[in-house]
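Hi,

Here is the structure I said I would pass on. Have a look at it first, and then read my notes underneath.

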Amino acid sequence: MGLPLRARVATSLSRGIGALSRATGRGDGSVIGGRVALRLDPDLLASLSAGRDVVLVSATNGKTTTTRLTAAALGVLGPVASNTFGANMPAGHVSALAQAGPTPYAVLEVDEHYLPHVTAATKPRVIALLNLSRDQLDRAKEVALLAALWRETLREQRVHVVANADDPMVVWAASVVEDVCWVAAGQRWLDDSWVCPECGGGIRREGSPGGAVWECVTCGLRRPEPHWRLDGDTVVAPDGARHRIELRLPGRVNRANAAIALAVAAHFGVRPTDAVPRLAQIRSVAGRYTLVERDGRAIRLLLAKNPAGWLEAFEMADPTTTLLSINARAPDGFDTSWLYDVDFSPLRDRPVLITGERAFDLGVRLGVNGVPFTHVPSFADGVAATRGRRLEVIANYTAFQQIRAELDRVD
């Protein structure tokens, strides 16, 4: 890629530190190497992105899985660099690109707050925007402010955007771009998009959640006609061709993520018939979804970080014994009041176990919804308390990482 000398040294340093982190068991090396390299060369992300066709994927929820699916679809054309472990800020991007070497393509998950910075540095060919909803109230921007940040970022870009037509916040942000491919990816969580971001009027919906036609009752903002749409387990392409999606990942939301991935790949000339088999090979994304055997039980680990994510997790989880784990550390957000935005009533018909540092906050919330539960001191105690052979685990970020480490899952 013809890197400048400083960039070459910083890249080598990033690789070395990442390898040392993995060898010593301190982590996967997906952040620390990038942090040190950026100290040496603050322009390293731009240098490593030059010469590649870059795709950025951003959202409140689903960006890690969609990034993995998009990288798999684009892999039809050649090697793809990607931040597989979900390190979605510039240090993680630098580590991923340095580790991959000179690939022709890169698909990078981007924290929604960092989209302006990363867009400026990488000059992407495509930006995929999935959704916006409330997240970590004590440190994240309010949803309308994030939508405005995206809108201003995109206003000055000449880029192809693949965007969710069912999320009014995403539509408003992306509508300043001329070249937009709209995907009917659905929107199960509606509580952050009842008010029009353009004029403050009400949003009116017709149809079922996840596929409703919507419009502002005051101004002209409305759901655009989608180019791609999901029909059950089939993705319908712009030419009307139907492509059956058989994923090993659970839930409608992941089929919608696959539709986004196919739309992105199609912009590069990848035929859906070539990409779909690659999507079916993905079993796990950064430790999520795969069934793991432990003490005679099949355990599946799901990550849910905010109200919209928990709603999707309930749809993905089988109706069996379910362990919920909640922490409130810096990566999670210290404020657990968001629990009251989640409707836990879908769990009433199954045995529920709770654990984590803030388990009793969760217990109070479950009581409000009339969901019986049993507190267990740890994940291992939860496994032992499980009656039957299946256990679904839903955890927020640091709780997820703790349980993942106990299961010795690093893929």
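Below is what I found, going from the whole chain down to a few single residues.

One thing to keep in mind: this is a predicted model.

**The chain as a whole**

The protein chain is built from 14 helices and 17 strands. Its radius of gyration comes out at 21 Å, close to the 22 Å that the globule rule gives for 411 residues, so the chain is as compact as a globular protein of that length. If you want a feel for the dimensions, the C-alpha atoms fill a box of roughly 60 × 60 × 40 Å along the principal axes. Of the 411 residues, 57% count as buried. Looking at contacts with a separation of 6 or more, 68% come from residues 24 or more positions apart.

**A pocket to look at**

I spent some time on the second largest pocket, which has a volume of about 600 Å³. Its lining takes in 36 residues, and Asn-61, Gly-62, Asn-131, Val-253 and Glu-312 are the ones nearest the centre. Which elements give two or more residues to that lining? They are helix H4 (63-74), helix H9 (252-267) and helix H11 (307-316). H9 gives the most, with six residues. Sorted by class, the lining has 14 nonpolar, 14 polar and eight charged residues.

**Helix H2**

Next, try helix H2, which covers residues 32-40 and has Gly-33, Gly-34 and Ala-37 buried. Seen down the helix axis, the buried residues of H2 fall within an arc of 95 degrees, so they line one face. What do they pack against? Their partners are helix H1 (5-23), helix H3 (44-49) and helix H5 (90-100). The face of H2 turned away from the buried side carries Arg-35 and Arg-39, which are exposed.

**Two residues with positive phi**

Finally, a pair of backbone details. Lys-123 has a phi near 50 degrees, a positive value in a residue other than glycine. You'll find Lys-123 in the loop between helix H6 (115-122) and strand S4 (126-129). Buried or exposed? Its relative accessibility is 65%, over the 50% cut-off, so Lys-123 counts as exposed.

Ala-286 is not a glycine either, and has a positive phi of about 50 degrees. Ala-286 sits in the loop between helix H10 (272-279) and strand S12 (291-294). Here the relative accessibility is 6%, so Ala-286 counts as buried.

Happy to go through any of this with you.

Cheers

Conventions. Residues are numbered from 1 along each chain as its sequence is written. This is a predicted model: local features need pLDDT of at least 70, side-chain atom pairs count only at pLDDT 80 or more; totals for chains, interfaces and linings use all residues. Side-chain values use heavy atoms; hydrogens and water are left out. On a 1 Å grid over the protein atoms alone, a cavity is a set of points where a 1.4 Å probe fits but cannot get out, and a pocket is an open set with protein on both sides within 12 Å along at least five of seven lines; lining residues have an atom within 4 Å of a point. Grid points are joined across faces, edges and corners, and a volume is the space filled by probe spheres set on the points. Helices (H or I, at least four residues) and strands (E, at least two) are DSSP runs, numbered from the N terminus. Ala, Val, Leu, Ile, Met, Phe, Trp, Tyr, Cys and Pro count as nonpolar, Asp, Glu, Lys and Arg as charged, and the others, Gly among them, as polar. Buried means under 20% relative accessible area, exposed over 50%, partly exposed in between (1.4 Å probe, protein chains only). The arc is that of the directions from the helix axis to the C-beta atoms. Contact means heavy atoms within 4.5 Å. The radius of gyration is taken over C-alpha atoms; the globule rule is 2.2 Å times the number of residues to the power 0.38.
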